[in-house]
Amino acid sequence: MAAEANIGVVGMAVMGSNLARNLASREGNTVAIFNRSYEKTQTVLDAHPEAKFIPAKDYAEFAASLSKPRTAIIMVQAGKGTDAVIDALTEVFEPGDIIVDGGNALFGDTIRREKAVRETGINFVGAGISGGEEGALLGPSIMPGGSDESWVTLGPILKSIAAVAEGEPCVTHVGHDGAGHFVKMIHNGIEYADMQLIAEAYDLIRRGTGKTPTEISDIFTEWNKGELESYLIEITAEVLKQVDASTGAPLVDVILDQAGSKGTGVWTVQTALDLGIPVSGIAEAVFARSLSSKPAQRAAAAELPGPSSPAVGDVDAFIEDVRLALYASKVIAYSQGFDAIVAGAEQYNWNIQKGEIAKIWRGGCIIRARFLNRITEAYAENPGLVALVTAPFFVDVMASTQDAWRRVVSGAAQSGIPTPAFSSSLAYYDGLRADRLPAALVQGQRDFFGAHTYKRVDKDGTFHTLWSGDRTEIEATDTH
Ligand code: 6PG
């Protein structure tokens with residue numbers, strides 16, 4: 001067989017076949033396709049003759065159909081499936097060839113795989129791809145890691161299929177080995193927080209004002225014309241106005257209120273815990289999904305006492321407060337997400353350009369939003385920014401939203417409406433800006449029961465109080 005294809009895709013489920021069709025639709029690309037069972041390949045071939053795919057029945061044929069350096073994107077289920085495909089490809093590929101994992105892999109797995117594959121001379125690139133099925137077909141946001149060498153070949157191909165935002169393709173070489181999948185994981189964490197915040201805003205308005213899902217859909221459509229403009233607000237309006245065909249009820253009322261998860265939000269929180277980064281908004285979003293999925297506990301707790309919900313006074317003013325609270329909490333979610341990126345980059349020696357990440361999230365991905373440009377500007381103005389929320393633009397946002405935010409969170413607590421992400425984001429904000437934190441007392445407690453020592457504000461050194469003796473303070477060596 002002549003090596004006619006410049007790119008191949010392994011895995012013909014919907015994401016893989018859509019990405020292959022996207023590649024085939026771009027000038028200069030000829031795409032080889034392979035799936036474990038040929039039946040699926042045949043279905044894709046039959047459905048899309050215009051793509052002129054080159055099908056392969058086995059890995060050897062797939063490799064033979066690719067020009068060098070051979071480049072293949074794997075779009076299979078994360079985990080063992082990915083390892084099996086990588087093993088098979090390394091058998092038939094040669095040094096200099098490139099294997100790309102486009103699935104949602106855990107970045108630690110990507111680091112491990114990159115190291116193992118590199119030993120064969122083949123390049124391995126973990127690339128986060130966001131945008132769901134439609135994004136894969138029409139233009140996703142792509143977050144590739146891997147070597148500089150592989151980026152030379154891969155860059156132009158990925159640029160050709162990525163979403164375009166303000167004239168720029170939504171793809172950049174994020175950093176080496178697992179950097180791409182790390183950033184995609186954080187993207188998903190922010191996605192979890194954003195979705196939970198929007199859901200809380202909906203719940204507050206519905207329970208606070210009695211507005212119907214259709215009316216709330218109109219509110220979200222309105223919000224989408226302002227600072228909150230984003231894909232997630234847009235699709236929320238669509239979901240809320242959907243009527244269930246079989247019952248005539250709003251669809252949102254017949255969907256079981258137990259949120260699922262494929263696990264990327266959990267990975268973000270686990271990773272952030274290891275890095276010591278408080279991603280509290282993301283964590284609360286993960287926990288809110290867990291709480292929703294405990295029907296037995298929820299049923300047992302259904303009669304627990306709660307307040308009688310006071311009706312909201314000025315409905316329009318309340319809705320505007322919720323909008324501002326959503327905006328403020330969203331800024332915190334991004335700020336925490338970028339903190340995690342900075343910490344990950346430090347820990348794993350990745351040279352990640354924060355402003356570039358915000359740029360490639362402007363189009364194609366699930367968290368695409370108007371205010372991402374402001375994040376890019378913030379890092380351009382000050383590359384060493386220690387917390388995104390302290391950039392001048394976001395300080396102004398906080399100044400204009402914080403009163404409303406506090407009213408919403410306190411009102412929700414009074415009314416017994418759960419707002420874990422709104423509330424934790426506000427608590428984080430107040431913690432961050434506090435002059436003194438009660439962490440001093442925690443240090444005192446630790447020293448009391450465990451002689452864990454403390455430092456003082458007024459002199460250098462490490463100290464311990466002899467709590468069980470005469471309670472004098474001694475200078476100590478901090479070994480705890
Ligand atoms: C994307 C999405 C995508 C997916 C995740 C999240 O960027 O295109 O984040 O990766 O929808 O699997 O799904 P869960 O909510 O099930 O974890």
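The exchange below asks how several descriptions of this predicted model are justified.

Residues are numbered from 1 along each chain as its sequence is written. Local features need pLDDT of at least 70, side-chain atom pairs count only at pLDDT 80 or more, totals for chains, interfaces and linings use all residues, and side-chain values use heavy atoms, without hydrogens and water.

Me: What makes the crossing of H15 and H19 left-handed?
Reply: A crossing is left-handed if the near helix is turned anticlockwise from the far one by less than a right angle, and right-handed if clockwise; H15 passes H19 in the left-handed way, and helix H15 (residues 315–348) packs with helix H19 (residues 420–433) at about 65 degrees, their axes 9 Å apart.

Me: Which residues of H19 make the contact with H15?
Reply: With contact meaning heavy atoms within 4.5 Å, Phe-422, Ser-425, Tyr-428 and Tyr-429 of H19 meet residues of H15 that include Val-322 and Asp-339.

Me: Why are the buried residues of H10 said to lie on the same side?
Reply: Buried means under 20% relative accessible area (1.4 Å probe, protein chains only), and in helix H10 (residues 231–241) this holds for Leu-232, Ile-233, Thr-236, Ala-237 and Leu-240. They cover an arc of only 145 degrees around the axis, which puts them on the same side of H10.

Me: What do the buried residues of H10 pack against?
Reply: They pack against helix H8 (179–209), helix H9 (213–223), helix H11 (251–254) and H15.

Notes. Axes fitted to C-alpha atoms, helices over the stretch in contact; angles between N-to-C directions. Helix = DSSP H or I, 4+ residues; strand = E, 2+ residues; numbered from the N terminus. Buried < 20%, exposed > 50% of the residue type's maximum accessible area, 1.4 Å probe, protein only. Arc of directions from axis to C-beta.
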